[in-house]
Amino acid sequence: MDNTTRYERLRERYLNGDLDRRSFLGLIGAAGLAYGVQTPFNKGALAAVSQVRFDGWGGVVSEAFREYAFGPYTKATGIEVVDGTFGGGDEYLSRVKASQPGEYNIAHLSGVFDYARYHNLGLSSELNEDNIPNLQYVIPKLSDVFRKVSGGSLSCVPYDYGTTGLAYNRKHISDEEMKEKGASILIDEKLKGKIGGWSDWRTRVWMGALQTNQDPNDIKDIDAVWDAVRTHRDLALKYWTSGAELMSLLAEEEIYVTEGWSGRIYALQEQGHDIGYMDPPNGFGWQECLFVLKGSPMEACEELLNFMLDPATSIAVAEGQNYPPALDPQKVDLGKKIPTLPAFDPTGTLSGLTFADPGYWNGNEQDWSKTFGRVQKGY
Amino acid sequence: MSVEAREARQPWILLSPALTAVALLLFVPLLFIVVYSFWLRTATGADQVGFFLDNWREALSDAFYRDILLYTLKIGVITTVVCALMGYPAAYFIARSKGNKAILLLLLMLPFWISYIIRTMSWINILGVSGALNSTLLAIGLIDEPIQMLYNQATVVLGLVHFLLPFMVLNVYVSLEGIDASLEDAACSLGATRWNSFVEVTLPLSLPGLAAGGLLCFVLGCGTYITPLVLGGPTDAMFANLVYEAIITQLDWPLGSALSLMLLAVLGALVLIYNKYLGMAQLMKGLG
């Protein structure tokens, strides 16, 4: 709550008769005194912002950020961007949990459920959207889901989106067979020892829901889903844990089929591997955002977000990581490559993608993540 | 202050920086973990401060944790036995070689210059479907199709042996170096064959080194999580993987703390048993 909101609340209480005149003036006076005393120090603190910490996935994405956003930002503001990386959202959350407020500032997070987790743990901030004019170019649907979680305000800006679909080796599995079997190809006995899968409980449960013909956002028979996860486990050669491992397993033909991240599969196709990609009905759609953590220097972070949302930066990053940017194609010309990326929606409505319902998935997180830990190990 | 009192204080003064470091970097964090293990994780992922026995009850009574712990100990035993069988002849060869010991020891230490993770991942390029071994076997016509060699219990043990073998060799080598070579000659001069002199004289005298190497291999092997993660199949997880999952994936630091203390207690008990019967001196020699 800022000072203006506090004043308005006090005034309302005074006008409603809940607060006498003496107390009202006393509280306003005290607030004025506190403001007068702390402002010189506060100004010093604001002027002392010399760096902002950004954490992301590393690789080509970070390279694009450094070239198109961090460099120009530092040149314009004199504020250095400390560029860190993490292996996954869970690992990053553990690091943030162990840190002091303000130690970590901006993170390239995945999924609305992560946004909700951070918000529920009291780690969210409140962005002043007036300081981020480039937010106007973002697909409204992508911002709206975040607003719903944090009561109308934003603690992040949407940045890109993609899907976790089915990736398959065309030498061994035809496009027709994939269309016919969909997600059930991951539990096809015929492919025993040549199936892979991400060791992520959400993805495993989502695929289990598709394999048992259920709505992933409203699973009625979770036991059937766990049975499907067990079947997949017994047929799988390996649970992969990173995008690099996913690409290696497919490229080396250790596995013929797995679910995979659209951008990574596109990268394999670009390298010349004959890997097909298909989003089954109700396939897993997701979006990534640039999340500002509580305790961060807000104005400095907002300015950096504006640099990162600049169409030139967004497009360069999107072309580097092979995921469509959050920019609305109806408002911004996205160039030639982006319309060819998997999961790209030229209408900007994203009506063809199914996103995880954050309330539903986070409500089951504690139970399902633990159960998957056991199922994964043979139980 | 008397000379005796000053002399009695001197070791403590000299030891104080090391003791402070151990207290701050080992015992204080350990104390935090003990405290954490009695807290609870709430549905949102936040910790509930208090004194709850739920995590300990779950860790000690749930068959899931017991089974994975037993599996971990089993992998630790297999790895240690393989390291002993492979490491002893290598250590014997180095100890008895003349002139090139320094080079052989340098070669033994060479793997430590490369990251453990890189060394573990290198097996993918060797044993993979398109790896060096399959490619060679296909090229010379011994097989028609690549053999699936990766991502099973055997590759986990292989990765662990690759990581831990130098520890075993070093410990046995130090032990063998301390044995007077003339004892073997004396046994032979009394009518023993080379094999008899080895079995009756050298092997018993080198057992403390073998035990120290075994303890190191076992403890380090049981505590690893990288090797099963990189080289294991879907069901090859070890106990440290459970700790990782509880803390990182499930954000359940209290349960993760209880599980890590459980592993520490089991391995600590083994170290204490070792210390009671063989003493820590041999272990220090091997590490030195």
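Trainee: Which side chains meet A:Lys370 and B:Glu58 style, in a salt bridge, and how do I read that pair?

Mentor: Look for a side-chain nitrogen of Lys or Arg within 4 Å of a carboxyl oxygen of Asp or Glu. Here A:Lys370 and B:Glu58 fit, with N to O at 2.9 Å. Keep in mind that this is a predicted model.

Trainee: How many salt bridges does the rule find across the interface of chain A and chain B?

Mentor: The rule gives 6 across that interface. If you count residue pairs in polar contact between the two chains, with both residues at pLDDT 80 or more, you get 15.

Trainee: Which parts of chain A supply the side that touches chain B?

Mentor: α4 (89-97), α5 (112-120), β6 (236-240) and α14 (358-376) of chain A each put in at least two residues. Of the elements on that side, α14(A) gives the most, with 7 residues. Sorted by class, the side of chain A that touches chain B has 14 charged, 9 nonpolar and 8 polar residues.

Trainee: And how many residues of each chain are in contact?

Mentor: Chain A brings 31 residues and chain B brings 39. The area buried between them is about 2900 Å², and carbon and sulfur atoms give 53% of it. On the chain A side, A:Lys97, A:Arg374 and A:Lys377 lose the most area to chain B, together 22% of what that side buries.

Trainee: How many salt bridges does the structure hold over all chains?

Mentor: There are 32 over all chains. One to look up is A:Asp55 with A:Arg95, at 4.0 Å from N to O. A:Asp55 sits in strand β1 (residues 51-56) of chain A and A:Arg95 in helix α4 of chain A, so this pair ties together parts that are 40 residues apart in sequence.

Trainee: Now for the surface: which residues of chain B form a nonpolar patch?

Mentor: Among them are B:Ile103, B:Leu107, B:Phe112 and B:Trp113, and the whole patch has about 890 Å² of accessible area. Helix α4 (residues 101-109) of chain B gives the most to it, with 4 residues. B:Leu107 has its place in that helix, α4 of chain B.

Note on methods
Residues are numbered from 1 along each chain as its sequence is written. Chains are lettered from A and ligands numbered from 1 in the order in which they are written. This is a predicted model: local features need pLDDT of at least 70, side-chain atom pairs count only at pLDDT 80 or more; totals for chains, interfaces and linings use all residues. Side-chain values use heavy atoms; hydrogens and water are left out. Patches are made of residues with over 30% relative accessible area and no salt bridge: like charges are joined within 9 Å, nonpolar side chains (Val, Leu, Ile, Met, Phe, Trp, Tyr) within 5 Å. Accessible areas come from the Shrake-Rupley method with a 1.4 Å probe; for residues, only the protein chains shown count as cover. Contact means heavy atoms within 4.5 Å. Buried area is the accessible area (1.4 Å probe) that two parts lose on being put together, summed over both. A polar contact is a pair of N or O atoms within 3.5 Å; within protein, one must be able to donate a hydrogen and the other to accept it, and residues adjacent in sequence count only if both atoms are side-chain atoms. Ala, Val, Leu, Ile, Met, Phe, Trp, Tyr, Cys and Pro count as nonpolar, Asp, Glu, Lys and Arg as charged, and the others, Gly among them, as polar.
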